[in-house]
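Hi,

Here is the structure for you to look through. My notes on it follow below.

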Amino acid sequence: MAKKPDTIGARIRYWRMRRGGMTQAVLAGLAGVTQSYVSQVESGRKTIDRRSTLVALAAALQVTVADLLGQGTESGDPARESAAECVPAVWSALIEIEDGERRPSIFTAERLTAEIARADQLRNSCNYPAMARMLPGLLLESAAVGGAALAQVAYLASTCLRHLGYRHLALNAARVSVSAAEDIDDRAWLGASGFIYAQSLPIESAPLAARSADRSLAELQEDASDVRVRQMLGQLHLMAALASTVDARPDVARDHLAEAAREAASLGDPADGGGFNGCCFGPTNVGLWKMSIAAEQGESGKVIELSRTIRPQVLKASNRQLSYWLDIGRALADGGRRDSEALAAFIRAEQAAPIPFAINPLARDAVATLAQRAQRRAIPDELRLLAGRIGVNLAA
């Protein structure tokens, strides 16, 4: 049996050959990149740093970005497989809720509040498999109550499913959150549900994500005196900035970033490290999103420069520290001259959030690329251990 391709470059080559043996030169021309770039990506010597490049390559190959990332099809990671066992029940619960059915609650109000808090703690620690095990019952219990409880639990479900690679189900959960927020007409939750909806859209839908964020921004303006609403306004500006960057509209992205920075400067970082719904909005989170946007623009030097001004540990969400170290690592790995520093950053990223680092296709590819380059020399023990922990096959 042929080995399943387990890197982005290997999947690109697989789909290229499936398209009648399309040459690298033809693929490069269709995607707007060079043949040399395609060759280096397929051979594992280079990673894909930009979402927009993934979109262009997927469109040229007539597949989805998820196909290139292996999301929804990859197995072998224990954490993801543990969560996958719960996904059918989560899907069933979401269908039931969207269909309007409501079961009688078996939880007391106090127990429901405690279970939601526990799920939120698991989100902050990025323990998505444990979250997934809670979700089927918690979704149905929150649906029996409705309102803010359902909006929050569906938000948590969408976050969990997206990070596990089930973006289509994450979108279903986001729609449930939006509907619940609309029922109670709570502007802060309308903002939160609008934010998670935009985040759940596939990468190919960056223009739609930007428009969706813009609509949510317009809906929230009349309640901008509410601190919770202001935090969500800031988050929506960040979402719109990233989506506009992917959509090749840098001027629009710059305007959204400026608005987010202005809002963050007046609010400051949340005192508890999380803020409303754990969104972490403030100057630190704006800085982290600026790093991600600089990475999307291919500005590795700017990523590293920005990182020197940011202390992600002031935020309690582990995924914020993961984002920080992963962006630094990928920036340092660009060009291949600072691979030892990149490895140190990737180790810090894994320490911050082991589960999402291990199942993040971009993180796995970055480690695989370091290993590919190191094979010309002796692979450092630290790199060999990191690759083993996240299932990267050094013999490939």
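**Findings**

A56 is partly exposed, at 23% relative accessible area. A56 sits in helix α4, which spans residues 51-61. Its C-alpha atom is 33 Å from that of E85, and the two residues are 29 apart along the chain. Keep in mind that this is a predicted model.

Now the cysteines. A search of the whole structure turns up zero disulfides. C279 is in no disulfide, and the nearest cysteine sulfur to it, that of C280, is 6.7 Å away. Why is there no bond from C280 to C279? The sulfur of C280 has its closest cysteine sulfur in C279, at 6.7 Å, which is too far for a bond. The cut-off for a disulfide is 2.5 Å between the sulfur atoms. C279 has 7% relative accessibility, so C279 counts as buried. C280 is also buried, with a relative accessible area of 2%.

Next, the nonpolar cores. The largest one has 120 residues. The residues with the most contacts inside this core are L139, F346, F357 and V367. A second, separate core has 21 residues, including A28, L54, V63 and V65. In soluble globular proteins, nonpolar side chains tend to be buried together.

Which residues does F357 touch, leaving aside its neighbours within four places in sequence? F357 is in contact with L322, L326, F346, A349 and E350. The list goes on with A363, R364, V367, L386 and I390. Two of the residues named for the largest core, F346 and V367, are thus among the contacts of F357.

Best wishes

How values were computed
Residues are numbered from 1 along each chain as its sequence is written. This is a predicted model: local features need pLDDT of at least 70, side-chain atom pairs count only at pLDDT 80 or more; totals for chains, interfaces and linings use all residues. Side-chain values use heavy atoms; hydrogens and water are left out. Buried means under 20% relative accessible area, exposed over 50%, partly exposed in between (1.4 Å probe, protein chains only). A nonpolar core is a set of buried Ala, Val, Leu, Ile, Met, Phe, Trp, Tyr and Cys residues joined through side-chain atoms within 4.5 Å. Contact means heavy atoms within 4.5 Å. Helices (H or I, at least four residues) and strands (E, at least two) are DSSP runs, numbered from the N terminus.
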